[in-house]
Amino acid sequence: MKVIQGSEFDSYWNSSTVQKNDESVDSVVKEIIEAVRSRGDIAVRGFASRFDKSSPQQLEVPFSAVEQAAGDLRHNDPEVADALTLAAEHIQRFSLKQREQFSDFEYAMEKGLITGQRVIPVEKAAIYVPAGRFPLFSSVLMGLIPAFCAGVEEVILASPPLEDGLPDRNILAAAGIAINNFLSPVSNVRLRVFAIGGAQAIAALALGTDTIPRADLIAGPGNKFVAAAKRILYGEVGIDFIAGPSDVLVIADDIIVADTGTNGPISQAADFIAADMIAQAEHDPDACARALISGGDLAEQVAAAIDRQLASLPTSETARASLDSNGLIVVYQSREEAVRIANIIAPEHLELQTADDAWWIPRLKNYGSLFLGSLSAEVLGDYSAGINHTLPTSGSARFTGGLSVRHFLKTVTTLRCTAGTGFEKARNAAEVLAKAEGLAGHAASAELRKVKNEK
């Protein structure tokens, strides 16, 4: 893993972050999209036979299979089922709190000029959940529950088929647990599940086929082919954001003190940082685990702790490959330097393991999710704390946040006019501006209102 000084960061960053779209991937994905556009389900099944573990004739999964999977998980592995249930409850509570922040209103600007806002959920939202090296069934909760809490009436879950023609059983079980609290005789929520994967799934959901409904929005993670399909189809369908390799940045002081709750205060700075970098690195060889550390001694301790922890890690091969290629420790000379570097990196996950959160928080501007204090491990955000783990990657935290209720909502505006001085001033200004721009029809429309409202 590379260790550099803060003064070396700019040259390192400028030489290592040149990103281009993979033309070979784009070419394959465009072929898939056009085939699905012209041949629908037939194309989806054909690509499934090439890329997935099976090509089921029946693409939609009966809801009974979802219920069966949830029941089987509760019977066969109640500990996992209970953990998923707790996570679902936390995500639901957090998502409902988010939903409260979006409200309808009307605001009287002046007499006769009333502006407003309505917040409307999309009608159909699709959640894509991959099933590659690690089927991330926790992503089911992170996608479905915010959509349900936003008020989306039809939510579609898509995930690749396994050998038996159904998605991963834990993915189905998580779907059953996710929707459990939303099923009632008076609920309008509907969940449909499809055994479709890859770029062909994104194309089918964006365009619609005979059996797969066209979604208004697609959210969820995926590989480079899924990401390319989302990017190419954006505009024909709404997209949450384009995901790249997962990443974490840990900012640490020389001394981090944590209260374990059992043994009292203990200093575990290097172990905590190393563990969280490894947790990110084990995702994928392309994952990026980085740390900003205030002293060289701690940097050496972190590197040693990483080697020590990797020795007994079952996923060490992937984690080592990631850390060797993309791992980075930057030794910073001042807090201001660290803030500048962190805002340039714009990490997906930002951990703040420092003695003075209050100084750092207002200065850190670009991140997907912020984890405060050494006990706030990123893994809690990944699974069970209630915040969403589908977050902006590849520096896109500069302009967007993570998946949330807001992605499933449309904020639309309203205008209500009645006779009054405020209306007349606005009407007159509109007429003047329309004439100035040369749009005579606009001006005439505004002028006509003056006649109607004159006494």
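Contact is taken here to mean heavy atoms within 4.5 Å. In this predicted model, Glu431 is in contact with Ala443, Ala446 and Glu447, once its neighbours within four places in sequence are left aside. Glu431 belongs to helix 16, which spans residues 421–437. The relative accessible area of Glu431 is 8%, and since buried means under 20%, this residue is classed as buried.

The strands were examined next. Six of them form an open sheet with mixed pairing, in the order 2-7-6-5-8-9. The edges of this sheet are occupied by strand 2 (60–61) and strand 9 (238–239); each has a single partner strand, so one side of each is left without a neighbour in the sheet. Within the sheet, strand 5 (residues 124–128) pairs with strand 8 (residues 217–219) in the parallel sense, over three bridges. Ala126 has Ile218 of strand 8 as its bridge partner. Helix 6 (residues 138–150) packs on the sheet and touches strand 5, strand 6 (154–159) and strand 7 (190–195). The direction of helix 6 makes about 170° with that of strand 6.

A nonpolar patch of about 330 Å² is found on the surface, made by Phe105, Tyr107 and Met109. Phe105 lies in strand 3, which covers residues 105–110. With a relative accessible area of 41%, Phe105 falls between the limits of 20% and 50% and is therefore partly exposed.

Charged side chains were then considered. Side chains of opposite charge can pair when their charged atoms come close. With a limit of 4 Å between a side-chain nitrogen of Lys or Arg and a carboxyl oxygen of Asp or Glu, the count comes to 18 salt bridges. One of these joins the side chains of Asp10 and Arg340, at 3.1 Å from N to O. Asp10 is in helix 1 (residues 9–16) and Arg340 in helix 13 (residues 335–345), so this salt bridge ties together parts that are 330 residues apart in sequence. Asp10 is partly exposed, at 33% relative accessible area, and Arg340 is also partly exposed, at 38%.

A salt bridge within one helix is formed by the side chains of Glu34 and Arg37, with an N to O distance of 3.3 Å. Both residues lie in helix 2 (residues 23–39), where they are three residues apart, about one turn of the helix. Glu34 has a relative accessibility of 43% and counts as partly exposed; Arg37 is partly exposed as well, with a relative accessible area of 38%.

The side chains of Arg335 and Asp356 also meet in a salt bridge, at 3.6 Å from N to O. This pair links distant parts of the chain, 21 residues apart. Arg335 is in helix 13, whereas Asp356 lies in the loop between strand 15 (349–353) and helix 14 (357–360). The relative accessible area of Arg335 is 32%, which makes this residue partly exposed, and Asp356 counts as partly exposed at 34%. Elsewhere, Glu60, Glu154, Arg190 and Arg192 are joined into one network by salt bridges that share partners.

Note on methods:
Residues are numbered from 1 along each chain as its sequence is written. This is a predicted model: local features need pLDDT of at least 70, side-chain atom pairs count only at pLDDT 80 or more; totals for chains, interfaces and linings use all residues. Side-chain values use heavy atoms; hydrogens and water are left out. Two strands pair if DSSP finds at least two bridges between them. Helices (H or I, at least four residues) and strands (E, at least two) are DSSP runs, numbered from the N terminus. Axes are lines fitted to C-alpha atoms, for helices over the stretch in contact, and angles run from 0 to 180 degrees between N-to-C directions. Patches are made of residues with over 30% relative accessible area and no salt bridge: like charges are joined within 9 Å, nonpolar side chains (Val, Leu, Ile, Met, Phe, Trp, Tyr) within 5 Å. Accessible areas come from the Shrake-Rupley method with a 1.4 Å probe; for residues, only the protein chains shown count as cover. Buried means under 20% relative accessible area, exposed over 50%, partly exposed in between (1.4 Å probe, protein chains only).
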